[in-house]
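Hi everyone, thanks for making time for this. I'd like to walk you through one structure, with the pockets and cavities up front and the strands and loops after that.

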Amino acid sequence: MGAEQSTFAAGKPDVDVLIVGAGISGIGMAAHMKMLCPDRSFAIIERRAQVGGTWDLFRYPGVRSDSDMHTLGFIFEPWKHEKSIADGPAILDYLNRIVDERDIRRHIRFDSKVVSADFDSETAHWVITLEGSDGQRSRVTAGWIYLGSGYYDYDKPYEAQLEGREDFKGEIIHPQFWPENLDYTGKRVVVIGSGATAVTIVPSMAAKAAHVTMLQRTPTWYGIRPARDALANFLRKILPEELAYRITRWKNVRLQNLVFKRARTKPEQVKQFLTKRIKAALGDKYDEKAFTPPYDPWDQRLCLVPDADLFEAIKVGKASVVTDHIDRFDATGIKLKSGKHLDADVIVTATGLKMVMAGKIAISVDGVPVDFADRYYYKGVMFSNVPNLAAVFGYLNASWTLRADINARYICDVLNAMKARGVEVAVPSLAPNHHLDEDNIYDFSSGYIERARHLLPKSASDMRWRLNQDYVRDVAWMRQDPIEDGVLQFGHPRPTTIHKEQMEVAE
């Protein structure tokens, strides 16, 4: 391997922590390291040309947050915009400001992706293979890997099997790959789906299109709220920015938590509340069939409709909702199983995402591949018997960043504990003959989760071995529970009996 041989030598790795992804999770970890572990080196590997992750990838009309920015924003950086339900460009501005003000940008290697990572027990280093946009591969070593790569496939979205696609004479677009110069002015648009993406696209496209039809197989529960948080904007006028942000964040966290728990304990009451709001927004345009899902609220993620914009578009006749099943596409649109036909010039397949684990990186320990489906989460951030590896999988019932903040703070605490003890390895140890009871924390009927269950790590009822879904409980427990809890084992590099052949760099 020539010059690369040195990457296997004992001693300091090239970087203490390698962060994968310069989106919300990766930027959050970098900022936490700057604050809490300033003596540790880090680098961020970002496959795209700029920061933002999801918010740089998605360019469809109206792209916006599906939760308020006082909880989707970081705990350490106040959200200063008047709108709390923010559009994609505003979120990118927020992230870019953090990256520049906190001197993070120089640590980012753009246009490069992590292909594989193998933990070498003899050196306690991750040996990581990178690939540039030109296809050239290189290697780097790191003491830790922090996966901030999200949970879905950036290359391949979920595409429902729709017969006759090749017969359609118009344009078919998936929101994940929106054409830069698509002109839909005066055109008939059909958006397939009724989740957060569809609910964002429909009212936005309705402003220019002749008409937009949201075609849904199953209705969705919608929550209407103002795009502006009146309390937040009032507090910012009378209080210091950070204090106003903390109060608003606390209020919104508690409100999210209350609504979710009420939906689980008193679903009929929540159904009545949501339905009443939708009826008030739509008036005589309300259609019970279109807005009465066959499941309880929060069995799937509650869909946010800021300022009732979807219902306003329906009320003025610019948009409509059709509940039916697709028979097939034809030259001029979509034939439905009811026998009806939807004429279309543009069809948007907002049919969902394809979930992946670890950003499709080939993770191994001493040459043995790690199958995450065979591992248990440890405190929602690490994995059983996998050393020096952390990941972010955000809350299903709250803002992603709430989990990202918790995880980044925890790993910084672990790094500082390791330094104090003079050790290089931290691994959540789980014996083969454990008696953990597996618990389904993915208690949601959302299609993207159902399709990926076979990929996802396990959770138990024991909080230590769980990706818990209660931020209010988690944030307190993670601060109170000791780092040295008897499960997280600290150690040094050790000889391994597993023979590891040095991998040749791909030509």
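**The second largest pocket**

Let's begin with the second largest pocket: 30 residues line it, and Gly-223, Arg-225, Leu-255, Val-259 and Leu-302 are the ones nearest its centre. Before I go on, please keep in mind that this is a predicted model, where local features need pLDDT of at least 70, side-chain atom pairs count only at pLDDT 80 or more, and totals for chains, interfaces and linings use all residues. Residues are numbered from 1 along each chain as its sequence is written, and side-chain values use heavy atoms, with hydrogens and water left out.

You'll want the definitions for this part. On a 1 Å grid over the protein atoms alone, a cavity is a set of points where a 1.4 Å probe fits but cannot get out, while a pocket is an open set with protein on both sides within 12 Å along at least five of seven lines; lining residues have an atom within 4 Å of a point. Grid points are joined across faces, edges and corners, and a volume is the space filled by probe spheres set on the points.

By that recipe, the second largest pocket holds about 790 Å³ of space. Which elements build its lining? At least two residues each come from β10 (222–225), α7, α8 (267–282) and β11 (303–306), and α7 gives the largest share, with seven residues. Helices here (H or I, at least four residues) and strands (E, at least two) are DSSP runs, numbered from the N terminus.

In terms of chemistry, the lining has 14 nonpolar, seven polar and nine charged residues. Ala, Val, Leu, Ile, Met, Phe, Trp, Tyr, Cys and Pro count as nonpolar, Asp, Glu, Lys and Arg as charged, and the others, Gly among them, as polar.

And where does this pocket sit? It lies between domain 1 (15–154 + 354–502) and domain 2 (171–225 + 254–348), because both give residues to its lining. Those bounds come from an automatic or database domain assignment.

**Cavities**

Now for the enclosed spaces. How many cavities of 30 Å³ or more are there? The search of the whole structure finds four. In the largest there is about 90 Å³ of space. Of the 13 residues lining this largest cavity, Gly-150, Met-357, Ala-358, Ala-391 and Val-392 are the closest to its centre. Its lining is made up of 10 nonpolar and three polar residues, with no charged ones.

The second largest cavity has a volume of about 70 Å³. Its lining includes Val-253, Phe-260, Asn-397 and Tyr-471. Two elements, α7 and α12 (471–480), give two or more residues to that lining, and α7 has the largest share with four. The lining divides into six nonpolar, four polar and one charged. This cavity also lies between domain 1 and domain 2, because both contribute to its lining.

**Strands**

On to the sheets. One open sheet has five strands in the order β7-β16-β8-β9-β12, with parallel pairing. At its edges stand β7 (171–173) and β12 (319–323), each with a single partner strand, so one side of each has no neighbour in the sheet. From one strand to the next, the twist averages 20°. Strands β8 (residues 188–192) and β16 (residues 346–349) pair in the parallel sense over four bridges, and Ile-347 in β16 is the bridge partner of Val-190. Pairing requires that DSSP finds at least two bridges between two strands.

For an antiparallel case, take β22 (residues 425–428), which four bridges join to β23 (residues 488–491). Here Ala-426 has Phe-490 as its bridge partner. Val-425 and Val-427 point one way from β22, Ala-426 and Pro-428 point the other way, and all are buried. Buried means under 20% relative accessible area, exposed over 50%, and partly exposed in between (1.4 Å probe, protein chains only).

**Three loop residues**

Asp-111, in the loop between β3 (108–109) and β4 (112–120), has a positive phi of about 55° although it is not a glycine. Asp-366 has a positive phi too, near 50°, and lies in the loop between β17 (362–365) and β18 (368–369). Are they buried or exposed? Asp-111 is partly exposed at 35% relative accessible area, whereas Asp-366 is buried at 3%.

Finally, Pro-240 lies in the loop between α6 (230–238) and α7 (241–265) and counts as exposed, at 54% relative accessibility.

Key
Axes fitted to C-alpha atoms, helices over the stretch in contact; angles between N-to-C directions.
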